[in-house]
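User: I would like to go through this model by way of questions and answers. Please reason briefly in each reply and finish on the value or name requested.

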Amino acid sequence: MMIKKFLAVLLAALLTGCSLTLTTPAPVQVYDLGPAPITTPHTFSLSQTFVRIMEISAPIWLDTQAIQYRLAYHDPARIYIYANSRWAAPPAQLLTEHFRRFLANHDTDGPDNDKRQTTPSTQYLLKIELSEFAQVFSTQNDSHAVIQLRATLYEPDAHLPIALHSFTMTQPATTADAAGAVAAFIQASDNLLGELVQWLAAIHHSR
């Protein structure tokens, strides 16, 4: 009988101790790339040509909502993820919508809007392959966002490639955490969009 009472008291103490050590898990922070920029260099030139952006593709290891980072100073081949922060969608989907929103917003603005609606322009197809979307730490406190992709522009009718270009964009992060990474990715994405628009405008002028 004494043994049973002892075990009951011990079990109650253990359960009480466990209840006191339980903590509420930190809420998961969800991020996207924010609103698309209003303007970029060569915006007006691009408005004369409608470009349909296909769904951006990415390798399987980037098909995730995890915010990834690398420790270049320690083990650059290893991928780490933030535990309590994630993207609202995989990076390829976020970039697709970010780029499409910019083109859609721009196509509905400006004094030539009515003319563009009544006189359809050539619609090129733009295929983008994302190969890197990670925060890279050069030291414990210094990091930058890295976005790498390859863009291929196809003719509207024959669907033959007419131009190919690889882009790499880096942006320093102001803080060594997920929030700093997201802010850097937003700026890098906008800068990358500017370079992409400039590239498309140059192709349009040359044809």
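User: Is Arg 150 buried, partly exposed or exposed, and what is its relative accessible area?
Analyst: The model is predicted, and the values here are computed from it. Buried requires under 20% relative accessible area and exposed over 50%. Arg 150 falls in between, so its class is partly exposed, and its relative accessible area is 37%.

User: With which residue does Arg 150 form a salt bridge?
Analyst: The closest N and O atoms of the pair are 2.8 Å apart, and the cut-off for a salt bridge is 4 Å. Arg 150 lies in strand 6 (residues 143-154) and its partner in strand 5, so the bridge ties together parts that are 21 residues apart in sequence. The partner is partly exposed, at 26% relative accessibility. The residue is Glu 129.

User: Which residue pairs with Arg 70 in a salt bridge?
Analyst: Arg 70 is in strand 3 and is buried, with a relative accessible area of 15%. The partner lies in strand 5, 62 residues apart from Arg 70, and is also buried, with a relative accessible area of 10%. The closest N and O atoms are 3.2 Å apart, and the partner is Glu 132.

User: Which residues are joined into one network by salt bridges that share partners?
Analyst: A search of the whole structure finds four salt bridges. In one of them, Arg 100 and Glu 55 have their closest N and O atoms 3.1 Å apart. Arg 100 lies in helix 3 and Glu 55 in the loop between strand 2 (50-53) and strand 3, so this pair ties together parts that are 45 residues apart in sequence. The network consists of Glu 55, Glu 97 and Arg 100.

User: What is the angle between the ring planes of Tyr 69 and Phe 137?
Analyst: The count of aromatic pairs comes to seven. Tyr 69 and Phe 137 form one that is edge-to-face, with 5.7 Å centre to centre, and edge-to-face requires planes over 60 degrees apart. Tyr 69 lies in strand 3 and Phe 137 in strand 5 (residues 123-137), so the pair ties together parts that are 68 residues apart in sequence. The angle is 75 degrees.

User: Why is the pair of Phe 133 and Phe 185 classed as stacked?
Analyst: Stacked pairs have planes under 30 degrees apart. Phe 133 lies in strand 5 and Phe 185 in helix 5 (residues 178-206), so the pair ties together parts that are 52 residues apart in sequence. Phe 133 is buried at 2% and Phe 185 is buried at 0% relative accessible area. The pair is stacked because the ring centres are 4.3 Å apart and the planes lie at 10 degrees.

User: What is the accessible area of the nonpolar surface patch that includes Ile 79?
Analyst: Ile 79 is in strand 4 (residues 75-87) and is partly exposed, at 36% relative accessibility. The patch is formed by Ile 60, Trp 61, Ile 79 and Ile 81. Together they have an accessible area of about 410 Å².

User: Where in the protein is confidence lowest?
Analyst: The protein averages a pLDDT of 83, and 76% of the residues score at least 70. Over residues 108-120, pLDDT stays under 50. The mean is highest in strand 3 (residues 66-71), at 98, and lowest, at 43, in helix 4 (residues 113-118).

Terms used:
Residues numbered from 1 in each chain as written. Predicted model: local features only at pLDDT ≥ 70, side-chain atom pairs only at ≥ 80, totals over all residues. Heavy atoms only, no water. pLDDT = per-residue confidence, 0-100. Helix = DSSP H or I, 4+ residues; strand = E, 2+ residues; numbered from the N terminus. Contact = heavy atoms within 4.5 Å. Phe/Tyr/Trp six-rings, centres within 6.5 Å; stacked < 30°, edge-to-face > 60°. Buried < 20%, exposed > 50% of the residue type's maximum accessible area, 1.4 Å probe, protein only. Patch = residues over 30% accessible without salt bridge, like charges linked within 9 Å, V, L, I, M, F, W, Y side chains within 5 Å. Areas by Shrake-Rupley, 256 points an atom, 1.4 Å probe, with all protein chains shown as cover. Salt bridge = Lys/Arg side-chain N within 4 Å of Asp/Glu carboxyl O.
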